[in-house]
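Please look over the sequence and the model before reading on. The briefing below goes from the whole chain to single residues.

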Amino acid sequence: MPSVVERLAAAAESMRAGDSAAALATTRAILEIPGLTNDERVAALRLHARAAEAQKDFAAAFADLDRVSTLAPAEARSWSELGLLHAVTEDLPRAIEALRRALALDDTSARTWNNLGRAMWRRRAMAAARAAFERAVALDAGYAHAYANLGMTLRDLGRTAEAESALERAIALNPRHVGALTNLAGIRQRDQRLTEAVKLFIEA
């Protein structure tokens, strides 16, 4: 009989292959095994939550991640994952609360800062969004998506030159970053730099 670790690996492989139904079945079976360690249960719940989210069963995903945050309350990842799920379901106040809790435990995650910035931007809290994205790129200078988000936010704050710089940095890191290309094209279009705008729109 496969070990718990082997079953977890199989569930993770199912998720990578896009077979969330198989991952759900495997993790559900794991969670029924008596005598799981806390780490094994947490790992199975996280995978089950990802599979449930992929199937749009958000209630199940929330239930899983709530249990994870109870079993591993001192792990920043527990709160980061819960915050991201709240953001996906448009519950931005709870998303921000959970992401801030994650950062209180570990403020070195560029991804969590970026996710907090996205939630703040969607609430139109632009100064807070800018600060979060700036923290993300300070932690990871190769994070193209955070640079793109920072550029978008600076554009919305009317800081056009700084926005262009951030968007250009995102494109240098990822030449096919659609968001950065289209946002930079929009700025160039408004500045009547139409040849450059058309080229960026085509590249996007």
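The points that follow describe a predicted model. The protein chain has 204 residues, and 45% of them count as buried. Its secondary structure comes to 12 helices and 0 strands.

**Overall build**

- From the N terminus on, every element in the run is written α, as in α-α-α-α-α-α-α-α-α-α-α-α.
- Taken along the principal axes, the C-alpha atoms of the protein chain fill a box of roughly 65 × 35 × 25 Å.
- Contacts between residues at least 6 apart in sequence include many that reach further along the chain: 44% of them join residues at least 24 apart.

**Confidence**

- The mean pLDDT of the protein chain is 93, and 94% of its residues reach 70 or more.
- Confidence is highest in helix α8 (residues 126-139), at a mean of 98.
- Confidence is lowest in helix α12 (residues 194-203), where the mean is 66.

**The largest pocket**

- The volume of the largest pocket is about 340 Å³.
- Its lining is made up of 18 residues, and Arg77, Ser80, Glu81, Leu84 and Arg111 are the ones that lie nearest the centre of the pocket.
- Two or more lining residues come from each of these elements: α3 (38-54), α5 (76-88), α6 (92-105) and α7 (110-122).
- Helix α5 gives the largest share of the lining, 7 residues.
- Sorted by class, the lining has 8 nonpolar, 3 polar and 7 charged residues.

**Asn149, in helix α9**

- Asn149 is found in helix α9, which spans residues 144-156.
- Asn149 counts as buried because its relative accessibility is 4%, and buried means under 20%.
- Leaving out residues up to four places away in sequence, Asn149 touches Asn114, Arg118 and Phe133.
- With one of these, Arg118, there is also a polar contact: the two side chains meet at 3.5 Å.

**Met126, in helix α8**

- Met126 lies in helix α8.
- Is Met126 buried or exposed? Its relative accessibility is 11%, so Met126 counts as buried.
- Leaving out residues up to four places away in sequence, Met126 touches Trp121, Thr153, Asp156 and Leu157.
- Met126 and Leu157 are 31 residues apart along the chain, and their C-alpha atoms are separated by 7.1 Å.

**Two loop residues with positive phi**

- Glu90 is placed in the loop between α5 and α6. Although Glu90 is not a glycine, it has a positive phi of about 70 degrees.
- Glu90 counts as exposed because its relative accessibility is 54%, and exposed means over 50%.
- Arg124 is found in the loop between α7 and α8. Arg124 is not a glycine either, yet it has a positive phi of about 65 degrees.
- Arg124 has a relative accessible area of 48%, so it is partly exposed: this class lies between the buried limit of 20% and the exposed limit of 50%.

Notes: Residues numbered from 1 in each chain as written. Predicted model: local features only at pLDDT ≥ 70, side-chain atom pairs only at ≥ 80, totals over all residues. Heavy atoms only, no water. 1 Å grid on protein atoms, 1.4 Å probe; cavity = no way out; pocket = protein on both sides within 12 Å on 5 of 7 lines; lining within 4 Å. Points joined across faces, edges and corners; volume = space filled by probe spheres on them. Helix = DSSP H or I, 4+ residues; strand = E, 2+ residues; numbered from the N terminus. Nonpolar A, V, L, I, M, F, W, Y, C, P; charged D, E, K, R; others polar. Buried < 20%, exposed > 50% of the residue type's maximum accessible area, 1.4 Å probe, protein only. Polar contact = N/O pair within 3.5 Å; in protein donor to acceptor, adjacent residues only side chain to side chain. Contact = heavy atoms within 4.5 Å. pLDDT = per-residue confidence, 0-100.
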